[in-house]
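I opened the model with a short list of things to look up, and I note below what I found under each heading.

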Amino acid sequence: MFRLDANPSFWTTVAVRSPDGETELGSFRAEFRALTISELERFDMTTGAGARALLQAALAAIDEVEDDDGSPLALTPQSFARLADNNHVRQALLTAFLGAIGGARRGN
């Protein structure tokens with residue numbers, strides 16, 4: 001029997017590379033909401049604002065992220081703004097999310 005989860009989510013590793021893409025700076029874990037197709041279609045991924053809005057809707061939690069002082073950083077509106085304002089971090093989050101949902105599609 002299959003039970004349709006009303007709010008599916010998943011954890012995946014986010015690999016952050018330097019802004020030039022040459023060096024991996026580290027990685028962390030992120031929990032994403034598995035958005036429905038109709039939800040995904042609302043976002044214009046060709047714009048920065050659309051990519052940010054997608055992440056704001058999909059990102060549910062972060063783990064293994066430290067603040068400047070070494071303390072654990074939880075997902076808050078302020079920490080999301082900091083993460084999403086760094087192009088290389090935003091790109092890493094998008095790559096992890098889209099890769100995971102794309103992989104789920106290939107596996108089904």
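The entries below go through the conventions, the salt bridges, one buried acid, two other buried residues and the largest pocket.

**Conventions**

I am working on a predicted model, in which local features need pLDDT of at least 70 and side-chain atom pairs count only at pLDDT 80 or more, while totals for chains, interfaces and linings use all residues. Residues are numbered from 1 along each chain as its sequence is written, and side-chain values use heavy atoms, with hydrogens and water left out.

**Salt bridges**

I searched the whole structure for salt bridges and found two, a salt bridge being a side-chain nitrogen of Lys or Arg within 4 Å of a carboxyl oxygen of Asp or Glu. The side chains of Asp67 and Arg82 form one of them, at 3.1 Å from N to O. This pair links distant parts of the chain, since Asp67 sits in the loop between β3 (59–63) and α3 whereas Arg82 is in helix α3, 15 residues apart. For such labels I take helices (H or I, at least four residues) and strands (E, at least two) as DSSP runs, numbered from the N terminus.

I then found Arg82 in a salt bridge with Asp68 as well, with the closest N and O atoms 4.0 Å apart. Here too distant parts of the chain are linked, with Asp68 in the loop between β3 and α3, 14 residues from Arg82 in helix α3. Asp67, Asp68 and Arg82 are thus noted as a network of salt bridges.

I looked up accessibility for the three, where buried means under 20% relative accessible area, exposed over 50%, and partly exposed in between (1.4 Å probe, protein chains only). Asp67 is partly exposed at 24%, Arg82 is partly exposed at 40%, and Asp68 counts as exposed at 74%.

**Glu31**

I turned next to Glu31, which lies in strand β2 (residues 24–33). Glu31 is buried but has no salt bridge, and the nearest side chain of opposite charge, that of Arg33, is 7.5 Å away; Lys and Arg count as positive and Asp and Glu as negative, while His and the chain ends are not counted.

What does the side chain of Glu31 make a polar contact with? I found the side chain of Ser9, at 2.9 Å, a polar contact being a pair of N or O atoms within 3.5 Å, of which, within protein, one must be able to donate a hydrogen and the other to accept it, and residues adjacent in sequence count only if both atoms are side-chain atoms. Leaving aside neighbours within four places in sequence, I list Ser9, Phe10, Trp11, Ala58, Leu59, Ala60 and Ala61 in contact with Glu31, contact meaning heavy atoms within 4.5 Å.

**Ala92 and Ser79**

I placed Ala92 in helix α4 and found it buried, with a relative accessible area of 7%. Not counting residues up to four places away in sequence, Ala92 touches Val14, Ala15 and Val16. Ala92 and Thr13 are 9.6 Å apart from C-alpha to C-alpha, although 79 residues separate them in sequence.

Ser79, in helix α3, is buried with a relative accessible area of 2%. With neighbours within four places in sequence left aside, Ser79 is in contact with Leu73 and Ala74.

**Largest pocket**I last looked up the largest pocket, which holds about 330 Å³ of space. On a 1 Å grid over the protein atoms alone, a pocket is an open set of points where a 1.4 Å probe fits, with protein on both sides within 12 Å along at least five of seven lines, and lining residues have an atom within 4 Å of a point. Of the 16 lining residues, Val65, Glu66, Leu73, Leu83 and Val89 are the closest to the centre of the largest pocket. β2, α3 (77–84) and α4 (87–107) each supply at least two residues of this lining, and β2 gives the most, with four.

Note on methods:
Grid points are joined across faces, edges and corners, and a volume is the space filled by probe spheres set on the points.
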